[in-house]
Amino acid sequence: LASHEMCPDGRVVEVGDLKIGEKKLIMMAGPCAVENEEQIMKAALGVKAGGAQFLRGGAYKPRTSPYSFQGLEEEGLKMMRRAADANGLKVISEVVAHDQIDTAGKYCDMLQIGARNMQNFRLLREVGRSKIPVLLKRGISSTIEEWLDAAEYIMSEGNYNVVLCERGIRTFETATRNTLDVSAVPVVKERSSLPIIIDPSHAAGKSKYITALSLAGIAAGADGLIIEVHPNPKAAMSDAAQQLTPEAYAQLMKKVGALAQVV
Ligand code: PEP
Ligand code: MN
């Protein structure tokens, strides 16, 4: 279902009035996690000013340690919806378990399946049944074929609204948190009809590399970017080192706009 045979002109995923996979790039931005009302409001205002169409923010966080901040759950989703609506933004947020889909679906325009759950087949099937547009991140150590098979799980349940997201893979290199696999963009374009966006934030793990990786992803043919932006990155409750200030995000978006057409 993800192949070119099924959709020779390339699949365009519609999220309300937005189209992902057409000429114009789609920009998603916001904090790693929703932390409180003020933080998400400032983030929404900032990313809107920078030119984003989607507000991102985690409410169910897949943290490596069980003792780290786990997210505000439904309260966080409510805050994010209010902040997005106040700024004319769509909402994307991650679900880490199938029993969160109904709740998240009340507040989100698109659901994210994170890297750690790329092969959580029950979750993939359930999000497929939901018909809500899905952003499917590549697993930390997954091949492109495994990733496309994961997309197939969602699509085989009747949900064709799948967008892929390259967010870096685990390699021997330690200078960055993960290694952005830029080659995934042309390979995915060759082997599937699905749109693909780049997450330079989780790939780099350090804010100073985000601009270079963003431009590389767009130059390679990606359909958009998802970037972590926090009003006060140093104080972030998760992923502090990689989040951009709204001002830095606006600067980055200017450079992206010089390279390609942003909505
Ligand atoms: C995230 O988007 O906040 C996240 C946890 O990403 P990933 O699944 O790519 O690590
Ligand atoms: Mn994060």
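This is a short tour of a predicted model, with stops at the ligand shell and at two helix packings.

**Before you start**

Colour by pLDDT if you like: the chain averages 97, and 100% of its residues reach 70 or more. For the complex, the predictor reports an ipTM of 0.98 and a pTM of 0.97.

**Stop one: the ligand**

Select ligand 1 and bring up the residues around it. You should have C32, G58, P62, G114, A115, R116, K137, R167, D199 and H202 on screen. Now colour that shell by class: three residues are nonpolar, three are polar and four are charged.

**Stop two: helix 1 against helix 9**

Next, pick residues 37–50, which make up helix 1, and residues 246–259, which make up helix 9. Their axes sit 8 Å apart, at an angle of about 20 degrees. Angles under 35 degrees count as roughly parallel, so that is how helix 1 and helix 9 run relative to each other. The crossing here is right-handed. To see who touches whom, show G46, V47, A49 and G50 on helix 1, then P246, Y249, A250 and M253 on helix 9. What classes of residue make up this contact of helix 1 with helix 9? Six are nonpolar, two are polar and none is charged.

**Stop three: helix 1 against helix 2**

Keep helix 1 selected and add helix 2, residues 73–87. This pair packs at about 35 degrees, with the axes 9 Å apart. Helix 1 and helix 2 also make a right-handed crossing. On the helix 1 side, show E37, I40, M41, A44, L45 and K48. Facing them from helix 2 are M79, M80, A83, A84, A86 and N87. Colour by class once again, and this contact shows nine nonpolar residues, one polar and two charged.

Methods:
Residues numbered from 1 in each chain as written. Chains lettered and ligands numbered in written order. Predicted model: local features only at pLDDT ≥ 70, side-chain atom pairs only at ≥ 80, totals over all residues. Near = placed C-beta within 6 Å. Nonpolar A, V, L, I, M, F, W, Y, C, P; charged D, E, K, R; others polar. Axes fitted to C-alpha atoms, helices over the stretch in contact; angles between N-to-C directions. Helix = DSSP H or I, 4+ residues; strand = E, 2+ residues; numbered from the N terminus. Parallel < 35°, antiparallel > 145°, perpendicular 65-115°, else oblique. Left-handed = near helix turned anticlockwise from the far one by under 90°. Contact = placed C-beta atoms within 7 Å. pLDDT = per-residue confidence, 0-100.
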